[in-house]
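Dear colleague,

Here is the structure I promised to hand over, with my notes below it. Please read them beside the model and tell me where you would word something with more care.

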Amino acid sequence: MLDLKLIRKNPDQVKAQLSRRDASLAEKIDQISEIDKEHRLAIQEKQELETQRNQLSKLVGQKKGKGEDAEAEMQELAEIKSKLQAIADKEPELYDKQIAILETIPNIPAADIPEGADEESNQEVLKWGEPKEFSFTAREHDELGKELGIFDFERGVKIAKSRFTLVRNQGAKLERAVINFFLDQASNHGYQEVLPPILVNSNCLYGTGQLPKFAEDIFKVEDEDLYLIPTAEVPLTNIYREEILTADDLPQYICAYTPNFRSEAGSASKDTRGIIRQHQFNKIELVKLCRPEDSTEEHEKLTKDAEALLQALELPYRKMLLCTGDMGFGAHKCYDLEVWFPGQAKYREISSCSNFIDFQARRAQIRFKRDSKSKAELLHTINGSGLAVGRTIAAILENYQQEDGSVAIPKVLQPYMDETVLRSGILTQA
RNA sequence: GGAGAGAUGGCUGAGUGGCUGAAAGCGGUUUCCUGCUAAGAAAUUGACUGGGGUUUAACCUGGUCCGAGGGUUCGAAUCCCUCUCUCUCCGCCA
């Protein structure tokens, strides 16, 4: 959520910055400014009446205490009360109206990101590793995984529904190995590991910006104010919701492995094959809470932490700086890491690292004090995947495939596995 | 799931209709004193927000907040209703 005071003070600047994302947003700022004026007048009027009420009520109390008559005052109060009633109803309505619009406005994009409507305008800032030349035709991960007996698509559908996959045997072990490897690396980079609830309440989703605007993307528990998390960003960022931290608490580096659940509404025909786009997928999430002046640097560092994983796995990737139109709702600046898929002959997203500046912190009221005398300030939040596990498995299959259909296991993962190669017919357990 | 108790400021904890934004203690901050691995004295001490003021300070002046949301009342932390959470006991359970 944007700062209402900033809009009040500098509407033209806010409009100009938001227009880089979407020209129609300027209109919303105007609407907010207009309601804001009306709202503040209502507040003033209400408070004046409340002052009168408080003073008179006090007088009534004093008179009654002395056994005097207070009829005149009480009559006056009755009048004030009826006036107050009307304004007291109107004032919060105006506020709600204002907030309702404000909630739908995305974050202001950073000045140094390219302007554009969609991924066409994203800027490649780095390409790492050379896509491997194969002496045979590289195949896609779903075909390899099926043949290896590690992806059971049919039974995943039987157990749940489409876009759910049963991962078996060496695949399940590889998934666990990748999770452990990622978590160990995160620890090495100074992140505190947590295991959060994967059901969260609506306050959390509001805090990180998924609600109210993106409700259709999330699975909800029936008759409860609980939702399956779409990303561990939600519980992790909300750890300190509505709290005031001290400067010594910052920065906080937090990581977690969780399954994630997305309804994928509106992506019916996208990536129907394979495990790229599932309703349930595993991910290690990296989250940072830091001082405002540190967020730019911390964001760069967090992105590099995610990149280091791809480098350790020796998976070629490119780093994309997202343009204004392709960024997520709450993001101020965002890098996507895209890993090379030889079977598909494409780079595909495997991590998204965003700096939200104070956007989430304002919604979730996460603040800190520089010292015991200073005022509480909003801190900055940053998060990124480090990394999506399912897509990592898919990328390993495609990049490490061999002509006979077996798949070599990346060196850094071998200490986490019993085997050095995935081969069909190997059952790790009877 | 059943029964009971409770939810007050950074913490402990008073407070059953007006003088309580909240006693007292602890903690924090500032100043003073003492010249010493310490102690003492005084002052100060929440969040959000409107208006004025100002160097985006200080400051002045209102309003709201005693788990959350409603209600009663001239007036509520205090009474009523709903919800949430915590604790104890019982049941169930990995």
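Aspartate 142 has its place in helix H5, which covers residues 141-148; please keep in mind throughout that this is a predicted model. Aspartate 142 counts as buried because its relative accessibility is 10%, and the cut-off for that class is under 20%. Leaving aside residues up to four places away in sequence, aspartate 142 touches Phe151, Phe153, Arg273 and Gly274, and with the side chain of arginine 273 the aspartate side chain also makes a polar contact, at 3.1 Å.

The other part of my notes concerns RNA strand B, which has 22 residues around it, with Arg40, Gln47, Glu50, Thr51 and Arg367 coming nearest. Of the atoms of RNA strand B that come within 4 Å of the protein, 68% belong to sugar and phosphate. Looking at single side chains, an N or O atom of arginine 40 is placed 2.7 Å from a phosphate oxygen of the strand, and for arginine 367 the distance from a side-chain N or O atom to a phosphate oxygen is 2.7 Å, whereas glutamate 50 has a polar side-chain atom 2.8 Å from a sugar or linking oxygen.

As for the surface near RNA strand B, at least two residues each are supplied by helix H1 (4-9), helix H3 (25-65), helix H4 (71-102) and strand E13 (366-369), and H3 gives the most, with twelve residues. By character, the residues of this surface divide into eleven charged, seven polar and four nonpolar.

With best wishes

Methods
Residues are numbered from 1 along each chain as its sequence is written. Chains are lettered from A and ligands numbered from 1 in the order in which they are written. This is a predicted model: local features need pLDDT of at least 70, side-chain atom pairs count only at pLDDT 80 or more; totals for chains, interfaces and linings use all residues. Side-chain values use heavy atoms; hydrogens and water are left out. Helices (H or I, at least four residues) and strands (E, at least two) are DSSP runs, numbered from the N terminus. Buried means under 20% relative accessible area, exposed over 50%, partly exposed in between (1.4 Å probe, protein chains only). A polar contact is a pair of N or O atoms within 3.5 Å; within protein, one must be able to donate a hydrogen and the other to accept it, and residues adjacent in sequence count only if both atoms are side-chain atoms. Contact means heavy atoms within 4.5 Å. A residue is near a molecule or strand if one of its heavy atoms lies within 4 Å of it. Ala, Val, Leu, Ile, Met, Phe, Trp, Tyr, Cys and Pro count as nonpolar, Asp, Glu, Lys and Arg as charged, and the others, Gly among them, as polar.
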